[in-house]
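Here are a few exercises to work through with the structure open beside you. Try each task before you read its solution.

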Amino acid sequence: MPVAIGFGSAVWFLSPVEPSAWVPFLALAVLAPLALITRDGRARVFLTFACLGFCGMALAEIETWRQSTVILDSPVTTDVMGVVERSEAAGPGRLRYIVAVRQTANPILRRPPVRVSLLARARHEPFENGAAISGRARLSPPSGPALPGLHDFAFSAYFDGIGAVGYFYSAPQRNAGSDVATGWPQLALRWLFDLRRQIGNRIREIAPGDAGAFAAAIVTDERRAISEDTVEALRVSGLAHIVAISGLNMALAAGIFFVGLRSVFALFPGVAQALPIKKIAAGGALAMVTAYYLVSGFGVSAQRAYIMMAVILVAVLLDRPSISLRNVALSALIILIWTPSEILGPSFQMSFAATVALVAGYAAWSRRPQTEERERFPIGHPVVTCAAVGWRFIAGIIVTSLIGSLATTMFSVEHFHRVATYGLAANLAAMPIISFLVMPSGLAAMLLMPFGLEAPFIGIMAWSLEWVILIAKHVAGWGGDIVVGEQHPWFLPLGVCGFLLLTLLRTRLRYSGLPFLFTAAVLFWMGVQHAQSSLLIAEDGNLVAYRDAGRVAANRKRPSEFVYGQWTYARQLPALAMPEMLESEIPENLPASSAERLPEPVLVEAKRLMKKAGSVGFSCQLKAWCAFISPEGVLIVVVDDGRYAGAACDVAGLVIAPRARFHSCRSGAPMLSGASLRKTGSIEIDLSAAAAGKWGVTTAMAGAVRPWSIHRQYDWRRNLYDSHLPEWVSKPKSSARLEDGFVVSDQAGMDNRSHAPTDLGNYSGISDNGE
């Protein structure tokens with residue numbers, strides 16, 4: 001059932017255009033009666049699977065309608081007034097607020113988001129949840145894919161209800177006398193998030209530094225306070241799963257509480273014989289994990305872990321098997337019915353893959369034939385017995401870590417394009433510390449915190465986590481992080497099919513999954529054949545890089561770590577060639593306003609320098625433009641100051657000008673303006689066939705019309721949706737040729753006249769001063 005519902009949800013979410021909302025409901029109305037009345041077993045299985053698939057599509061449609069998140073269409077600087085819904089530490093002296101927007105000003109947004117995530121970097125007194133605040137902020141839409149085919153962060157933001165991200169320019173101010181909703185649900189959530197913030201602050205106060213931030217993350221899921229170096233070490237070493245409140249943390253907390261409470265009851269034989277202490281312990285553990293979930297901030301991974309653990313504990317209360325694939329399926333069904341969008345998230349996929357593999361492995365081990373009684377170990381010395389117990393514990397960690405790592409590897413490869421090869425060693429060293437020191441002391445600290453006795457246990461927890469951090473950094477120093485690049489589109493679907501067949505089926509039919517896994521392994525070994533040379537363009541046009549087999553030339557000395565890091569892992573980029581900064585005779589006292597034209601001599605000099613650009617790396621005029629001639633002979637000019645766009649159009653074979661005041665070149669040269677980039681998202685242009693007059697243009701978002709991407713087509717100046725794109729971008733690569741860098745249509749009757757510039761102002765967004 002969860003496989004079929006998840007399949008239908010994935011098909012609905014991955015469709016590039018909006019499917020009809022009535023299709024799944026009509027299909028259910030037709031197929032469900034057929035599945036009930038048919039007597040053929042195979043036909044009933046097929047019809048049932050189809051019904052569940054359409055049910056998944058219907059659930060996806062309902063969740064999308066339920067969220068209806070308004071996403072900001074373009075970057076803007078404005079005054080934001082709203083109410084703090086929650087906050088969390090985002091590093092030393094920094095706080096991130098989730099703000100429910102009540103009003104905007106200077107300028108007033110025509111299509112304002114309902115909820116935004118804003119970083120406050122200036123020193124200020126933290127605001128409590130429910131406080132009405134205001135401040136001047138820079139808002140941007142959630143990021144799209146860094147390259148075509150990569151993860152769309154706007155999809156996640158849409159279903160999280162976040163319509164924009166950004167930062168305050170200065171410390172936000174409290175608005176006195178503002179009306180704030182005070183219904184009991186809001187008050188309850190406010191109290192929970194305040195409690196969460198107080199617990200996190202108390203832990204970080206007792207244990208400052210990364211160890212305290214790590215401890216707070218395990219308890220409250222506030223992870224932003226951990227330094228980047230530690231996060232990277234945990235990721236490379238394969239220990240990043242410890243930071244998030246996931247199945248591991250929830251299972252350890254519930255298991256420790258369950259075993260501890262049951263052991264206390266067992267000390268009193270009369271009580272143990274008169275009462276069902278196992279069920280009492282399970283009920284207590286359920287209450288404890290519920291409290292754990294409530295103070296965790298309702299994160300996705302915590303929600304999933306809580307549902308899974310609650311199902312297991314309820315099974316104990318009902319005298320049902322606690323560790324079974326049926327319980328895993330029930331947990332997945334609850335999550336998919338409420339939030340079907342999680343089916344595309346790497347966290348959901350990796351969590352359930354590891355759980356299914358471990359439960360299936362446990363079931364296979366339980367069913368192993370035991371034809372003869374095992375012989376007792378001949379040596380009964382206490383030291384030998386302790387050594388045997390220790391070896392079984394270590395062997396259990398090795399086996400479970402190996403099963404979990406193998407089950408999640410293909411998802412790590414698909415989503416993160418890299419593999420932590422020494423994760424087994426790091427988990428073998430760190431898991432005893434987590435199991436016997438960190439989680440027990442953390443549980444004791446939370447139980448004793450209302451009485452003010454938590455400090456010693458938090459100290460033990462932080463001291464233990466310092467050892468975990470040392471292990472992570474030591475293992476990360478081995479260099480086991482292997483970048484594998486983007487995978488074939490069929491790699492993950494085939495791997496998932498093989499994995500599900502191998503783990504879910506119980507007869508020999510399960511071995512039918514091996515051919516699927518083998519094919520996925522072959523696709524992984526072959527890799528994806530990328531173009532010999534290509535141009536990578538970020539969705540905002542500020543970062544552009546040319547890559548071939550031996551180098552990468554970029555227009556930035558310090559490219560964005562967020563974007564360029566994804567490029568590096570997805571395309572396995574070689575070393576970066578820094579741009580050359582030119583020392584020209586351009587005067588420094590130029591008009592500062594983007595509305596004032598530049599003197600003609602300045603533009604003439606810029607043209608001369610652009611044409612002299614080299615092919616080793618970009619040549620850049622500071623805060624003005626960068627130029628590069630590709631080995632294929634294409635002059636590429638990236639314009640930072642929109643006033644140079646006209647000069648670039650006169651000499652370049654490709655102009656990338658996100659701040660230009662027009663959207664096409666009179667010369668006919670291909671141009672990407674801010675409006676075009678907003679509709680296309682990131683772009684990859686195959687230049688390997690440029691000598692033959694053809695480019696292969698691949699966009700991340702062109703043609704995608706879904707609720708989480710429709711904001712890209714909104715024109716806030718004309719208050720309408722416009723999907724128009726330049727012909728050389730929207731047409732297939734075989735329908736247009738480029739001669740000397742200019743577009744010429746191959747289709748008869750196509751109008752190939754040059755376009756006159758259109759002065760519509762800064763189309764890509766409102767300027768920083770609100771104009």
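The exercises below concern a predicted model.

**Exercise 1. The largest nonpolar core**

Task: Find which residues touch the most other members of the largest nonpolar core, and which element gives the most to this core.

Solution:
- Begin with the core itself, which has 64 residues; F214, I218, L239, V289, I434 and L465 touch the most other members.
- Next, go through the elements. Those that give two or more residues to this core are α5 (184–206), α6 (210–220), α7 (228–236), α8 (247–266), α10 (277–294), α11 (300–317), α15 (423–448) and α16 (455–476).
- Of these, α16 gives the most, with ten residues.
- Now select L465. Not counting residues up to four places away in sequence, L465 touches A211, F214, A215, I218, I434 and V438.
- Finally, look elsewhere: apart from this core lies another of 42 residues, including A4, F13, L333 and W708.

As background, nonpolar side chains tend to be buried together in soluble globular proteins.

**Exercise 2. A pair of helices**

Task: Work out whether α12 and α13 are roughly parallel or roughly antiparallel, and describe their contact by residue class.

Solution:
- Two numbers are needed, because a pair of packed helices is described by the angle between the axes and the distance between them.
- The axes of α12 (residues 325–338) and α13 (residues 346–366) come within 10 Å and cross at roughly 165°.
- Angles over 145 degrees count as roughly antiparallel, so α12 is roughly antiparallel to α13.
- For the handedness, α12 passes α13 in a left-handed crossing.
- Then list the contact: from α12 come L325, V328, S331, A332, I335 and L336, and they meet F348, F352, T355, V356, V359 and A360 of α13.
- Sorted by class, the contact of α12 with α13 has ten nonpolar residues, two polar ones and no charged ones.

**Exercise 3. Backbone angles**

Task: Describe the peptide bond that joins N106 and P107, then examine phi at N106 and at Q572.

Solution:
- Keep the usual pattern in mind: most residues other than glycine have a negative phi, and most peptide bonds are trans.
- The bond that joins N106 and P107 is cis, with omega about 5°.
- To place it, note that P107 is in the loop between β2 (95–105) and β3 (115–120), and N106 lies in the loop between β2 and β3 as well.
- The phi of N106 is near 55°, a positive value in a residue other than glycine.
- N106 has 53% relative accessibility; exposed means over 50%, so N106 counts as exposed.
- Moving to Q572, phi is near 50°, again positive in a residue other than glycine.
- Q572 sits in the loop between α19 (561–571) and β12 (576–577), and its 46% relative accessibility makes it partly exposed.

**Exercise 4. Two residues to classify**

Task: Decide whether D641 is buried or exposed, do likewise for S401, and list what each contacts.

Solution:
- Locate D641 in the loop between β16 (635–639) and α21 (645–651).
- Its relative accessible area is 15%; the cut-off for buried is under 20%, so D641 is buried.
- Leaving aside neighbours within four places in sequence, D641 is in contact with K623 and A624.
- Turn to S401, which is in helix α14 (residues 382–416).
- With a relative accessible area of 12%, S401 is buried.
- Setting aside neighbours within four places in sequence, S401 contacts L424 and N427.
- As a last check, compare sequence with space: S401 and A253 are 148 residues apart along the chain, and their C-alpha atoms are separated by 19 Å.

Conventions. Residues numbered from 1 in each chain as written. Predicted model: local features only at pLDDT ≥ 70, side-chain atom pairs only at ≥ 80, totals over all residues. Heavy atoms only, no water. Core = buried A, V, L, I, M, F, W, Y, C linked by side-chain atoms within 4.5 Å. Buried < 20%, exposed > 50% of the residue type's maximum accessible area, 1.4 Å probe, protein only. Helix = DSSP H or I, 4+ residues; strand = E, 2+ residues; numbered from the N terminus. Contact = heavy atoms within 4.5 Å. Axes fitted to C-alpha atoms, helices over the stretch in contact; angles between N-to-C directions. Parallel < 35°, antiparallel > 145°, perpendicular 65-115°, else oblique. Left-handed = near helix turned anticlockwise from the far one by under 90°. Nonpolar A, V, L, I, M, F, W, Y, C, P; charged D, E, K, R; others polar.
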